[in-house]
Amino acid sequence: TTKPIGSQRAVILDLLDAARSIPAFPVERWFDMNSLVAARKQAASRVSWVTLFAKAYSLAALQVPELRQFYLSFPWPRVYQSRYTVISVSVNRQVEQQDRLFFARLLFPEERTLTDVQDDLDGYIHGDVYQKFRQQLLCSRVPRFMRRLGWWWRNNIEVRQRARRFGTGGISVLAGQGVYNRLHPSPLTSSLSYGPLDERGQMWVTLQCDHRVMDGAVAARALNLIDHKLQTEVLSELRGLTPAGRPRHLANRQPRSGDSRVA
């Protein structure tokens, strides 16, 4: 018995097609998370591991510009660099009693508080799926040749929109289900995943990278810097959460509205 591939798989098939041409390689290592585990328990509001990694990822991208770059092949090979970071997070939601994979976009985490980033992520996880993922749902109903043309156009022509629409980097994890998701297909220059926390308070963390944009030494430096940012700036902010749910030193800080190279 066969059945047609429905619209719920259309966007994933497009993603796989885009990821097929990327020569990705992983860098991996253990992260000691004991300090962060303790800080999470003491925090006045819940902050997920995804939010902590998204903040550290985006802070690292300020110092490793390759994490904000895209490889462009048309009309000639070149690299485009975004000024800001947008983290794309895989989110599983139920639509018409079926599991569907969507992609939340966390804008400029490096400029925002952990609680603000968490609020955005919670909106994607628990909000009205037809509002939060309206564009992805509409795109899945468009004929295949038009979707592929749209992917090509946005990836090669409207490059200033690319970071905001697709993200500069991705996070895809199944750690909450006790499963590793190390090598997942991604059309982005880099994508991060981590496994479940073990009895030692450690996580195995993987960063997949596009070899056309960065080499192993840069990728290793980026992964080590993400760990450093987790253990310093992110940990400090997490420890400083007030009962109101905001760090005192960031309470009055507002994110930038964006810039023409990303918005």
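What radius of gyration would a compact globule with 263 residues have, and what value does the protein chain have? A compact globule of that length would have a radius of gyration near 18 Å, and the protein chain has 18 Å, which agrees. The model is a predicted one, and the values that follow are computed from it. Taken along the principal axes, the C-alpha atoms fill a box of roughly 50 × 45 × 40 Å, and the chain is built from nine helices and eight strands.

Burial and contacts add to this overall picture. Of the 263 residues, 51% count as buried, while residues 24 or more positions apart account for 67% of the contacts with a separation of 6 or more. The surface that the protein chain exposes comes to about 13300 Å², of which carbon and sulfur atoms supply 50%.

Helix α8, which spans residues 159-166, shows how burial is arranged within a single element. Its buried residues are Val-159, Arg-162, Ala-163 and Phe-166. Seen down the axis of α8, these residues fall within an arc of 105 degrees, so they line one face of the helix. The cover over them includes the strands β2 (69-72), β3 (78-81), β4 (86-95) and β5 (98-107), together with helix α7 (144-156). Just after α8, Gly-167 takes a positive phi of about 100 degrees.

The charged side chains offer another way through the fold. Side chains of opposite charge can pair when their charged atoms come close. A search of the whole structure finds 12 salt bridges, and one of them joins Arg-147 to Asp-14, with the closest N and O atoms 2.6 Å apart. Because Arg-147 lies in helix α7 and Asp-14 in helix α1 (residues 10-19), this pair ties together parts that are 133 residues apart in sequence. Both Arg-147 and Asp-14 are buried.

Asp-14 and Arg-147 also belong to a network of salt bridges that links them with Asp-17, Arg-20 and Arg-148. Within this group, Arg-20 forms a salt bridge with Asp-17, the closest N and O atoms being 2.9 Å apart. Here the setting can be read from the accessible areas: Arg-20 has a relative accessible area of 62%, which is over 50%, so Arg-20 is exposed, whereas Asp-17, at 32%, is partly exposed.

A further salt bridge connects Arg-29 with Asp-227, their closest N and O atoms being 2.8 Å apart. Arg-29 lies in strand β1 (residues 24-32) and Asp-227 in helix α9 (residues 216-239), so the pair ties together parts that are 198 residues apart in sequence. In this pair Arg-29 is partly exposed, with a relative accessible area of 26%, while Asp-227 is buried, with a relative accessible area of 10%.

The surface also carries a nonpolar patch, formed by Phe-74, Leu-149, Trp-152, Trp-153 and Ile-157, which together have about 490 Å² of accessible area. Phe-74 is placed in the loop between β2 and β3, and with a relative accessible area of 37% Phe-74 is partly exposed. The two strands that flank this loop, β2 and β3, are also among the elements that cover the buried residues of α8.

Terms used: Residues numbered from 1 in each chain as written. Predicted model: local features only at pLDDT ≥ 70, side-chain atom pairs only at ≥ 80, totals over all residues. Heavy atoms only, no water. Buried < 20%, exposed > 50% of the residue type's maximum accessible area, 1.4 Å probe, protein only. Helix = DSSP H or I, 4+ residues; strand = E, 2+ residues; numbered from the N terminus. Arc of directions from axis to C-beta. Contact = heavy atoms within 4.5 Å. Salt bridge = Lys/Arg side-chain N within 4 Å of Asp/Glu carboxyl O. Rg over C-alpha atoms; globule rule 2.2 N^0.38 Å. Areas by Shrake-Rupley, 256 points an atom, 1.4 Å probe, with all protein chains shown as cover. Patch = residues over 30% accessible without salt bridge, like charges linked within 9 Å, V, L, I, M, F, W, Y side chains within 5 Å.
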